[in-house]
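Please look over the model below. The report that follows takes up a helix pair, a sheet, a strand pairing and a loop residue.

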Amino acid sequence: MWIGAGCRAAADAALGAVAGLLIAGSVLLASPARAEPLAIVDRNGAIVSVEPYGPNIVRVTIALDKALGTAAPGYGISGKPDPAGWRHRSDATGDVFTSSAVTVTVDAKPWPGAPTQMQRYFAPSLPGVSLTLARPDGSPLLRMTGWEMAPHTVNGEKTFRVGARFAAAADEHFYGLGQNQEGVLDLRGRTISCKHWYDAPAGETVCVPFMVSSKGYGIVWDNPSVTTVSPGLHSATRWQSEVGERVSFFVIAGATADDLYAGYARLTGATPLPPKAAFGLIQSKARYASQAELLDVAAGYRKRGYPLDVMVLDWFHWTRMGQIDIDRTFFPDPRGMNDTLHAQGMRSIISVWPRFERESRYFDLLDTKDWFLRDKDGNTVDGLPERSDRAGALLDTTSPAVRAWFWGKVRDNILAEGFDYTWLDETEPDLVPGGLFYSIGSGDRFHNVYPLLHTSAVADGMARDFPDKRSMILCRAAYLGTQRNGCLFWSSDIQSTWEALRRQVPAGLGFTASGMAYWSSDTGGWQSAAGPAAPRPVLLDPAGAVSTAPNYPDYPELFARWFAYNSFTPTLRIHGQRPGGGAIWDYGAAAEPVLAAFLRFRYQLIPYLYALGYQTHRSGAPFMRALFMDFPADPTVATIGDQYMFGPALLVAPVTEQGVTSRQVYLPAGADWYDYWTEQRYPGGQSITAAAPIDRIPLYVRAGSILPLGAAVPSTATRQPLESIRVYPGRDATFTLYDDDGVSNGYARGKDGRTAVLRWDDTARRLSANGTLPTGQRVDALVRIVGAPR
């Protein structure tokens, strides 16, 4: 509720108790060096701090205590304040702050008169604060209409429920807030509980409190506690966090969606370019039980001539959970195993968990140091009361000392055996921190920060101890800034059903709309293969399938559709709890050639994808893009969550229904479109019926696109020449090719990379390059103009 009369004294008392803790712990420890705010405005006792972080980014903080109102932002914010070009003046309307990109007006507030009888019961005691943001031409961008700070006790701590309200236009749409698997892209009219929740009924939810609007702004909400967001509900958007003593948020303004993501990257950190192997096939299952099994699957790809880049060793390769070791009974020579993979042009990833059984070798040491998640009495919390997997305490990597210890063990016990990259599972964390305590404070106050801090243990350790080796981490959850740790995210332990597949498409688009570019899902679902009876005749004969269940005849069809979809997500990984090796030949003789064709197509796309990854590093913009990002003038796309752009050229429309061989596809207005398979050209602004036989995913290329395609290679460890550069006429176009060694960090220092800007002159029908291609090939020998006589 909004604070009513009589609560002000309690609020003042509680503020005095928490101010020192907040400044010393949750805020200042997490933040970079900072300058003074541009201005501190007093509105009848409410302290309003206005702090620019660039011409189009401003932070607003509202509190009753000046120390809290001017304290640094919390975890995840790595950018520095930058007031260059901003001006401040006061007039009758209030305090006005202006830059070249936005104007912020903190409204003037007259001294409040004596309350009426009605106001004594229902009016808030908080001093009123409202503010408006406008574009340079004076048109409105965003209006905050009020704020909230209501006292309550959480986890034994006297604190506040804090929030703010913003006006919402009738035609406004909202995107982001992390991962939600309810099957809807547009958040308008919904109420989202922004929290990490492995057991969410539709599939794991992940909170990234960054939301973008179709009206040209984004809000970064600076509070890591469980936060409820109601975008556009009853003409307003309301943010409400369970724990806090102030309201703190950033507004990013932009003329394009990419402006908003550039602002997010400026605030929270750049997305690293992953190793090139991340763009190839990552083969995994739960679990390879022995060294021999893992190597046999890897050899099977090479024997059959199928490309493969990474083999993954998932959980229970250890002797006990928390040993941080490798069971030599089943993996007698991990170094030799990795040497074999490397000799085949492959890399390896190994799963490392943050849970420790009481019987594991480090438990007593860590327990004595208070390095586990603890209850109110200071006792280590062991296991999960709500599920059957109850063993293990959570390593408290919110502590810098614990992060350093954890990295040291990962480095010396695991990576020293030749493993290339880590998989940090259970990073929500799986042991829900509500009601418990981290070293930094209450698990309720810091409910959502664990994935940021836990993954930084490995990211920072790699950067320090292996500065020339590019890091990559498989991550199951995120928070503001987690993208800077080099995470490849996936949607957690989802069901192996058609319904789960349908939900993945909008879930992934919402996640990438949250500033996290690298997302995918377990191909085929993680849970054991089981689903309802197929409503239509199956499109793939299941004969010979071993990685399925005998009572699931349409599973090879589901897997093929899922594999086709994941071939057009930032990463492609096979994973799941299924019998057999899980490799593409394990889904039956009918499915294998379909899967092999999509796998080869994925490798053809690597020159395109790698260039997009480099651009994401430089710009912050994702390359798996909901249609609203690229076609803001077309209102039809605002709510489309089952198709998307994959880079600037490709429109992807996954098939997520069993037994169908066509689907409706909307081609956005403002461009013509080519069917990739038939090369037929269509005008935009219409829906068409797209053919979708089992060996085809509806795929369209935007007219005025340059699409580089690579030659066949066994893995990205082999230098890949270009097979062709396809041009789809219709407008002038540019595309920047990028290549490097694929493994080092030279790209981040501006070294070792090779670029070439391709330019298509649509009038002259000519493609040129501004220099030698990264592959050393000649452009004129590669170009193919789609639609031209061959």
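## Helix packing, strands and a loop residue

Helices α5 and α6 run roughly parallel to each other, because the angle between them falls under the 35 degrees cut-off. This is a predicted model. The angle is about 0°, and the axes of α5 (residues 291-304) and α6 (residues 334-343) lie 11 Å apart. On the α5 side, Q291, L294, L295 and A298 make the contact. On the α6 side, the contact is made by P334, M337, T340 and L341. Six of these contact residues are nonpolar and two are polar. No charged residue takes part in the contact of α5 with α6.

Next, a sheet. Three strands form an open sheet in the order β37-β38-β42, and their pairing is mixed. Which strands stand at the edges? They are β37 (705-710) and β42 (783-785). Each has a single partner strand, so one side of each lacks a neighbour in the sheet. On average, neighbouring strands here are turned by 25° against each other, direction ignored. Within this sheet, β37 pairs with β38 (residues 722-728) in the antiparallel sense. L707 stands opposite R726 in β38. In a regular strand, side chains alternate between the two faces of the sheet.

A second antiparallel pairing joins β10 to β12. The table sets out both pairings.

| Strand pair | Sense | Bridges | Opposed residues |
|---|---|---|---|
| β37 and β38 | antiparallel | six bridges | L707 and R726 |
| β10 and β12 | antiparallel | five bridges | F174 and S213 |

Is β10 mostly covered or mostly open? Strand β10 (residues 174-179) is mostly covered, with six of its six residues buried. F174 of this strand has S213 in β12 as its bridge partner.

β12 also borders the loop that holds D199. That loop runs between β11 (192-194) and β12 (206-213). How exposed is D199? Its relative accessibility is 32%, so D199 counts as partly exposed, between the cut-offs of 20% and 50%. Beyond its neighbours within four places in sequence, D199 is in contact with E386 and R387. L558 is 359 residues away from D199 along the chain, and their C-alpha atoms are separated by 24 Å.

Finally, the annotation. UniProt, in an unreviewed entry, places the feature "domain: Glycoside hydrolase family 31 N-terminal" at residues 49-229. In the model, this span is 46% strand and 6% helix. The C-alpha atoms at the ends of residues 49-229 lie 23 Å apart.

Methods:
Residues are numbered from 1 along each chain as its sequence is written. This is a predicted model: local features need pLDDT of at least 70, side-chain atom pairs count only at pLDDT 80 or more; totals for chains, interfaces and linings use all residues. Side-chain values use heavy atoms; hydrogens and water are left out. UniProt positions are given in the numbering used here, feature names are shortened, and annotations may be inferred rather than shown by experiment. Helices (H or I, at least four residues) and strands (E, at least two) are DSSP runs, numbered from the N terminus. Buried means under 20% relative accessible area, exposed over 50%, partly exposed in between (1.4 Å probe, protein chains only). Contact means heavy atoms within 4.5 Å. Axes are lines fitted to C-alpha atoms, for helices over the stretch in contact, and angles run from 0 to 180 degrees between N-to-C directions. Angles under 35 degrees count as roughly parallel, over 145 as roughly antiparallel, 65 to 115 as roughly perpendicular and the rest as oblique. Ala, Val, Leu, Ile, Met, Phe, Trp, Tyr, Cys and Pro count as nonpolar, Asp, Glu, Lys and Arg as charged, and the others, Gly among them, as polar. Two strands pair if DSSP finds at least two bridges between them.
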